[in-house]
Amino acid sequence: MKWKRTAIFLGIVILAAIAVIQFRHPSDPASHLVDGKAIASDKFGHQVIDPSPPSGSDCCLDILAIGDIDGDRKPDVMVGSEKSIGALWYHYPSWTRYPIGDGDFTTDGDIADLDRDRDGDVVISSISRDAIEWWENTGNPFEKSGWVRHEIGSQFSHDLAVGDLNGDGHPDVAMFRKDEPRQLTWFEAPAEARQPWTRHEVDTPPGEGLDLGDIDGDGDLDIAGSVNWYENEDGKALEFKKHPLNIASWGQETRDIIADMNGDGKKDIVLSHAEGEGRVSWFENPTWKERAIETEVLKGAHSLEVGDFDKDGDLDVFVGEMNTGSGRIRVYLNAGNAQSWNRLTLGTQGTHNARIGDISADGDLDIVGKNYTGAKVVEMWENNAAKASKEVSLGRWTEIQVDDRRGVYSQGKYFGAIDLIRDSSIKYFGLAMGDMTGDGYGDIVSGRYFYRNPGTDMTGEWSRVTFPINVDAMLVTDVDGDDKADVIGEDLPDIYWLEAKDLQGSFWQATKIGTLPKTAHGNGQGYQLAQIIAGGKPEILLAGGEEKGEIYYFEIPNNPSAENWPRTLITNEASEEGIGVGDIDGDRDIDIAAGDVYTGGDKIAWWENPGNGRGNWLKHKIGTVEHWPDRFAIADINGDDRSDIVVSEENEGKEPNAHVYWFEQPDNPKNAGWSRHPVATQYTTNAMDVADMDRDGAADIITGEHRGTKIVAIWKNVDKGSAWIRHVISVGKESHLGARVADLNRDGNPEIVSIAWDDYPNLYLWRNDAKASPNPSD
């Protein structure tokens with residue numbers, strides 16, 4: 001097949017660097033350390049979450065944890081105190097404070113979904129009730145009445161950790177109590193978290209510091225506690241073998257983290273002195289030889305976390321001293337196999353029980369901390385690694401013609417490779433990508449054809465397999481749980497499941513699974529996969545109907561070859577064109593957006609998922625466009641954590657006056673007030689997709705023209721959707737239900753794929769040859 005290389009060079013990016021001065025510590029164990037700026041403000045920004053949390057005049061703001069509490073897929077922050085406030089949480093990004101419950105909570109806590117209802121519950125330790133507790137998030141965490149307390153077990157604890165210790169699929173809770181009676185214990189979660197938990201004693205060692213991880217590499221969780229680790233010998237956490245690290249120079253009050261520091265596949269142990277004085281080190285598995293990270297004496301390093309802060313593929317270390325110690329807050333960047341380190345100081349005000357997580361959802365690790373006594377400010381150090389990293393190019397593409405001899409859709413009988421054309425104006429609409437052969441490369445299905453990815457640079461021949469029936473293949477999904485590919489296609493009014501009979505997809509079997517009303521074009525142009533009903537396999541959304549625009553979803557049954565595939569009508573007031581899917585109203589289920597033909601062809605609307613599996617969803621009007629609304633996508637365009645709606649227009653194709661708009665979600669998406677913002681004006685745009693193409697954290701828009709100049713372009717999102725920069729990928733290659741993105745060669749950069757209507761024999765892909773570069777538009 002034909003291929004050629006194109007390159008476009010546009011734009012500029014300015015990168016910042018941090019100067020360092022190297023020095024070495026002569027002490028044993030050896031450490032090679034490079035010291036950064038006194039305050040590394042170019043690497044991390046600083047933000048105050050709460051300048052004065054109500055935690056008593058002096059003592060104590062004990063607990064801090066990070067996790068998604070309200071189910072919006074963004075981490076929130078929880079704190080707890082021995083005095084005044086009990087426990088509360090801060091909602092990202094407003095940092096509005098909401099109560100959880102009363103109590104005198106001490107030292108450690110966690111956010112975890114213990115009841116598996118897709119929101120964050122809280123695990124915490126109460127002094128006066130002398131108990132380990134979990135506070136159930138009943139679905140309304142913004143009200144104190146939305147939290148219900150449950151006891152896990154007796155006796156409060158200094159350290160807590162959550163993980164599946166016995167491998168039964170339920171999150172268990174481990175505790176390390178430093179006060180008498182000392183104990184290292186874990187509580188076995190019942191099948192239903194509200195039922196009684198079973199207590200299992202492990203040891204009664206002195207000290208503090210607790211983490212869970214697979215230290216011996218046998219597939220189950222072991223325990224690190226103080227200067228020991230405990231091997232889960234039977235895999236069910238009923239038999240543990242104690243392994244001391246044998247480090248006499250260390251105290252027993254530590255912070256413990258289990259992590260593979262040198263990338264050798266073995267989990268090591270990182271320790272700091274939580275209460276006393278000493279260095280920070282990691283201990284190499286399996287010899288447990290000490291490797292110093294910081295040999296300078298740190299005092300009260302009660303915060304210790306491990307993660308890839310600079311996004312270079314290896315693990316770095318965060319350490320924070322309390323304000324009762326020396327107060328230094330530092331990140332140690334791994335500069336070479338965990339043998340040398342670049343030290344960054346973020347502050348000197350101290351912190352206690354700080355935690356890490358991608359708070360700003362930009363792909364890097366942020367730090368949240370607070371002090372135990374004194375000025376107990378809840379604060380965040382926002383990592384700038386994602387912002388400062390080089391954006392990938394939007395102008396390096398290789399055009400590959402996958403096929404130039406595609407047929408047209410025929411509603412007549414189909415004989416092998418011979419087309420019997422009843423209406424040559426009707427073409428194929430289906431296009432989907434996925435790894436169909438298990439080789440890690442993305443293959444393509446479109447119309448009645450399956451195209452096998454040749455691999456490597458993808459310029460080789462895409463071998464084509466013709467399905468055994470004339471079907472418009474539209475979706476790729478795992479229907480039956482085996483290792484062979486599955487495809488969903490239409491030959492309306494019939495809908496088929498196409499099942500590969502071999503691993504290479506050379507032979508296929510077609511099974512009719514349902515029906516759908518025909519459209520004016522034969523098959524429908526709206527098709528999506530989405531998790532409409534919580535749990536299980538995704539549902540199949542299809543648009544049909546000629547006089548009434550109907551959208552249905554089909555459920556994949558447990559036994560798809562023998563059972564009925566339930567069909568539910570979402571609406572009969574939409575168009576047969578594109579369907580956008582996403583959670584518009586923030587209730588954690590999938591809604592849809594589409595053209596609203598019932599009230600006029602230029603209207604758009606969204607339909608609210610009732611969340612109970614029923615049909616006839618409630619319609620909410622959004623606004624109007626100038627021409628026919630054709631393709632839809634749901635995405636957060638302006639970064640306000642609300643789902644916006646992107647629409648491209650179809651017109652008669654003669655003039656470049658078709659628009660692409662995005663509609664900004666208002667405070668209440670069910671009311672009027674969606675603001676319409678222009679993105680582009682061009683020839684009829686019957687192909688559109690949305691993705692972060694340059695990895696800058698913002699959603700870009702990909703479009704393809706059906707007629708006119710037939711340009712395929714990426715519209716780069718600038719300043720939260722207030723401006724757009726066009727990057728032309730191709731000119732003169734038609735896209736109809738194309739301009740779809742998928743990473744086909746597993747390099748992390750999405751390719752663009754297009755089929756056509758007028759130029760129907762052709763199927764093109766544009767290989768994304770992006771590289772991180774000082775010029776992000778190269």
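**View 1. Strands β18 and β19 pair up in the antiparallel sense.** In this predicted model, strand β18 covers residues 222-225 and strand β19 covers residues 228-232, and 3 bridges link the two. Look for I223: the residue standing opposite in β19 is Y230. As a bit of background, strands of a sheet pair through backbone hydrogen bonds, either parallel or antiparallel.

**View 2. Zoom out a little and β18 and β19 turn out to belong to an open sheet of 4 strands.** The order runs β17-β18-β19-β20, with antiparallel pairing. At the edges you'll find β17 (210-213) and β20 (240-244); each has a single partner strand, so one side of each is left without a neighbour in the sheet. On average, neighbouring strands here are turned by 20 degrees against each other, if you ignore direction.

**View 3. D159 sits in strand β13, which spans residues 159-163.** Is D159 buried or exposed? With a relative accessible area of just 2%, D159 counts as buried, because anything under 20% gets that label. The D159 side chain reaches over to the backbone nitrogen of G209, 2.9 Å away. Leaving out residues up to four places away in sequence, D159 touches D108, A174, M175, F176, E208, G209, L210 and R255.

**View 4. Here's how the protein chain splits into domains 1, 2, 3 and 4.** Domain 1 comes in two pieces, 38-59 and 253-389, while domain 2 takes in 61-244. Domain 3 is also made of two stretches, 392-416 and 636-772, and domain 4 runs over 519-624. How many Å separate the centres of domain 1 and domain 4? Taken over C-alpha atoms, the separation is 47 Å.

Notes:
Residues are numbered from 1 along each chain as its sequence is written. This is a predicted model: local features need pLDDT of at least 70, side-chain atom pairs count only at pLDDT 80 or more; totals for chains, interfaces and linings use all residues. Side-chain values use heavy atoms; hydrogens and water are left out. Two strands pair if DSSP finds at least two bridges between them. Axes are lines fitted to C-alpha atoms, for helices over the stretch in contact, and angles run from 0 to 180 degrees between N-to-C directions. Domain bounds come from an automatic or database domain assignment. Buried means under 20% relative accessible area, exposed over 50%, partly exposed in between (1.4 Å probe, protein chains only). A polar contact is a pair of N or O atoms within 3.5 Å; within protein, one must be able to donate a hydrogen and the other to accept it, and residues adjacent in sequence count only if both atoms are side-chain atoms. Contact means heavy atoms within 4.5 Å.
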